[in-house]
Amino acid sequence: MARKYTIESTVPSGPGGTIDYKAELNEQQYAAVTSLLGPSLVIAGAGSGKTRTLTYRVAYLLDNGIPPENILLLTFTNKAAREMLDRVEQLVPHETRSIWGGTFHSIGNRLLRRHAEKVGLTNSFSIMDREDQKDLMAASIASVGVNTKEVRFPKPEVLANMFSLSENTGIELQEIIEARYPYFEELHESIDSVQTAYCKRKLVTNSADFDDLLVLTVRVLEENPEIAGYYQSQFQFVLVDEYQDTNWVQSQFIDICAAKHGNLMVVGDDAQSIYSWRGADFEHILEFPKTYPKAKTYKIETNYRSVPEVLELANHAISANARQFEKTLKASRPQREQLPALIALNDPATQASFVAQRVLELRDEGIELEEMAVLYRAHFHAMELQMELTNRGIPFNITSGLRFFEQAHVKDVAAFMKLAVNRRDELAFKRIARMLPGIGAVSADKLWRQWLKSPLPKGDSPPQSFSAHLTSFKVPLKANSAWQQLSYTMDELLGDDGPASPEEMITSVMGGVYDDYMRSKFPNYDNRIQDLDQLKRYSAQFNDVTEFLGQLALLSGVDGGPSSGEQKKDHSEALTLSSVHQAKGLEWRAVFVIWLTEGMFPNARVLEEDDDEESGLEEERRLFYVAVTRAKDELYLSYPYMWPSSRSGDIMQRPSRFLDDFPGELVEEWEVGSAGASW
DNA sequence: GTTCGTTGCCTTTTT
DNA sequence: GGCAACGAAC
């Protein structure tokens with residue numbers, strides 16, 4: 001007699017979730033969240049609950065019995081991805097971990113790892129960051145043999161930009177050069193061959209740059225219908241956040257993934273498209289109804305974030321732009337009876353003390369530091385402010401240009417791990433070699449040649465031992481003992497049985513040669529050790545080194561994971577300093593936008609480009625719009641009259657043209673006098 | 001020939 | 001604080 005036994009499912013099937021969608025969403029949001037099959041475009045203005053709409057949409061799908069693994073949710077930042085998935089998890093009782101959610105690059109990475117052999121890589125390929133890319137580019141230029149001394153040849157960084165733009169937009173390199181770099185047109189043949197060399201080198205070193213994570217993935221899908229078919233069946237529902245910032249490759253990727261089921265929901269705000277320099281084209285969102293004729297369009301226009309005073313200013317600021325979807329943001333909050341402030345200051349230092357002082361006042365009035373932010377166009381605009389805040393002892397978090405992973409010591413440690421799993425990684429090898437005393441670029445290259453001749457880089461499975469081969473290398477006398485030590489560290493990375501875990505690897509590296517190097521190289525040894533300890537703790541959640549390295553490379557310091565910055569550790573309560581780009585999607589009760597002068601914001605380089613000046617300027621204006629719409633209650637717009645510059649004396653500043661886009665009565669002008677100064 | 005510290009100039013935005 | 005060019009020291 002067989003016993004009947006059923007496993008209770010924890011997932012309720014069919015409708016029957018606990019969410020009262022109608023009550024928790026407004027009418028426009030509700031319509032979008034509960035839309036049925038087929039493509040849909042959601043135009044969601046700033047502060048209108050875009051994230052809310054997307055998360056409820058995912059919850060709605062799960063509540064209706066869609067298995068999590070059949071949902072693909074694409075975002076631009078890790079932060080957005082994590083935030084949404086966390087919220088979904090809190091919202092519904094279903095299992096949410098198997099949702100395919102993440103940034104374009106992380107999803108691309110995931111797919112590419114699985115099918116790397118289709119494009120000539122192995123599944124342990126290394127991911128290169130910008131610096132690695134530059135190094136490899138420099139090597140490629142050298143290998144092609146152009147005389148960079150005689151002709152003014154583009155720098156590695158410029159070339160990387162060129163290639164990247166071409167790949168991200170799908171426009172031929174030739175055309176990119178003509179349009180954006182006409183002064184290099186005569187060199188296009190050498191540039192072409194550098195590109196060929198660069199691509200080849202990436203394969204030889206088993207490495208991929210950021211763009212490859214998408215470009216190669218799209219290629220895999222295009223060239224292998226059976227693979228594409230598999231994922232197309234898998235992804236029943238595709239959701240895309242910040243659609244206005246998608247570029248050509250990304251939109252291709254989206255289109256391929258959604259090709260079978262056609263249930264594609266894209267959410268965005270054309271007024272917040274600020275990534276055209278990365279190849280983003282907000283034509284994608286404007287043209288979506290044409291690309292998908294069956295698409296339903298939903299507009300979400302009620303703003304829950306800002307007081308009407310801020311919103312009115314924002315609406316005026318953006319209306320100067322010609323190209324956009326018609327929409328008006330309606331305020332839902334009551335009047336505050338306080339206008340945004342416009343403050344002209346003497347110089348950047350005064351501007352900094354104004355901000356600092358006002359921040360303290362606001363804190364006394366009950367706004368906590370983490371409810372305030374200072375936003376600016378470029379990172380160096382925050383220099384004076386950082387000094388002022390430090391002097392006054394006001395804690396702050398800065399989303400600096402340098403990400404956690406890009407800091408030298410983190411990259412150093414990662415290089416060991418990279419080399420352990422990808423023994424063809426030339427950059428990692430040379431980085432390690434150059435840490436040893438008396439070894440510079442030249443010796444590192446000689447060592448690399450010896451490495452290539454040894455059996456180490458060959459084959460896919462890890463060697464029995466590194467030291468067995470390394471100890472016989474010819475190294476400069478000065479580096480001898482360090483080299484021995486290095487060999488044994490590398491052995492430790494192999495692990496006793498099976499590959500060592502990321503955590504074990506970091507421990508080995510920090511205990512080996514690297515410790516000596518750090519002491520001699522970095523004045524702030526202790527801080528860096530703390531960083532690495534944090535990295536180690538973070539790594540504990542990973543079993544697989546490749547996975548860990550992939551995460552690390554795709555993680556920006558600002559949004560989660562291990563974070564840098566000494567201020568942060570001691571004060572959970574801190575003021576935020578951020579570029580406008582990195583502030584997208586965030587909000588604070590009080591927002592300061594500083595350096596609103598011609599040349600700074602809008603940026604001078606954009607003003608100089610006169611080929612299609614308007615589009616550049618419109619993007620700057622959208623950027624200003626993004627900045628302004630971050631504010632919930634209070635908004636301060638400030639600029640200095642004078643910019644003391646070391647080389648050309650004081651430069652008079654003109655107020656930004658964006659300040660003319662709205663009527664004067666929308667702001668209150670503050671006259672700031674300095675108590676101690678005499679003029 | 002190679003490494004490594006010093007000096008002076010410049011600073012867009014990022015996965 | 002980063003980067004390139006220069007020059008001293010090894």
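**Strands, crossovers and cores in a predicted model**

Colleague: In this predicted model, what makes the residues of strand β6 (residues 237-240) a case of alternation, and are they buried or exposed?

Modeller: Phe 237 and Leu 239 point one way from β6, while Val 238 and Val 240 point the other way, and all are buried. That is the pattern expected of a regular strand, in which the side chains alternate between the two faces of the sheet. Buried here has a numerical sense, namely that 20 or more other C-beta atoms lie within 10 Å of the residue's own.

Colleague: How do you know which strands β6 pairs with, and in which sense?

Modeller: Two strands count as paired if there are at least two bridges between them; β6 is joined to β2 by four bridges and to strand β7 (residues 264-268) by three, so both pairings meet the criterion. Each of them runs parallel. Val 238 is the bridge partner of Leu 72 on one side, and its partner in β7 is Leu 264.

Colleague: Why is the unit made by β6, helix α12 (residues 248-257) and β7 called right-handed?

Modeller: The term applies because, with the strands pointing away from the viewer, the path from the first strand over the helix to the second runs clockwise, and the β-α-β unit of β6, α12 and β7 is of this hand. The crossover from β2 through helix α4 (residues 78-91) to β3 is likewise right-handed. Strands β2 (residues 71-75) and β3 (residues 100-103) run parallel and are joined by four bridges, with Gly 101 as the partner of Leu 73.

Colleague: What makes the seven-stranded sheet an open one, and which are its edge strands?

Modeller: The order is β13-β14-β12-β15-β16-β11-β19, with parallel pairing, and β13 (396-398) and β19 (668-671) are the edges, each pairing on one side only. From one strand to the next the twist averages 25 degrees. At the β19 edge, strand β11 (residues 341-345) pairs over four bridges in the parallel sense, and Ala 341 has Glu 668 as its bridge partner. Helix α15 (residues 348-364) packs on this sheet, touching β11, β12 (372-376), β14 (575-579), β15 (588-593) and β16 (631-640), and its direction makes about 160 degrees with that of β16.

Colleague: Which residues have the most contacts inside the largest nonpolar core, and which helix gives the most to it?

Modeller: The largest core has 121 residues, and Val 42, Val 238, Val 413 and Phe 416 have the most contacts inside it; helix α17 (residues 408-421) gives the most, with nine residues. Leaving aside residues up to four places away in sequence, Val 42 touches Ala 32, Thr 53, Met 265, Val 266, Val 267, Tyr 298 and Ile 300. A second, separate core of 61 residues includes Phe 396, Leu 575, Ile 594 and Leu 635.

Colleague: How do you know that helix α18 (residues 426-433) is mostly covered?

Modeller: Eight of its eight residues are buried, among them Glu 426, Lys 430 and Arg 431. The elements that cover them include β4 (126-128), α6 (130-144), α17 and α19 (441-453).

Colleague: Why is chain A called as compact as a globular protein of its length?

Modeller: Its radius of gyration is 27 Å, close to the 26 Å that the globule rule gives for 679 residues, so the description applies. The chain comprises 29 helices and 19 strands, and 44% of its residues count as buried.

Methods:
Residues are numbered from 1 along each chain as its sequence is written. Chains are lettered from A and ligands numbered from 1 in the order in which they are written. This is a predicted model: local features need pLDDT of at least 70, side-chain atom pairs count only at pLDDT 80 or more; totals for chains, interfaces and linings use all residues. Helices (H or I, at least four residues) and strands (E, at least two) are DSSP runs, numbered from the N terminus. Axes are lines fitted to C-alpha atoms, for helices over the stretch in contact, and angles run from 0 to 180 degrees between N-to-C directions. Two residues are in contact if their C-beta atoms, placed from the backbone, lie within 7 Å. A nonpolar core is a set of buried Ala, Val, Leu, Ile, Met, Phe, Trp, Tyr and Cys residues joined through C-beta atoms within 7 Å. A residue is buried if 20 or more other C-beta atoms lie within 10 Å of its own, exposed if 12 or fewer, and partly exposed in between; C-beta atoms are placed from the backbone. The radius of gyration is taken over C-alpha atoms; the globule rule is 2.2 Å times the number of residues to the power 0.38.
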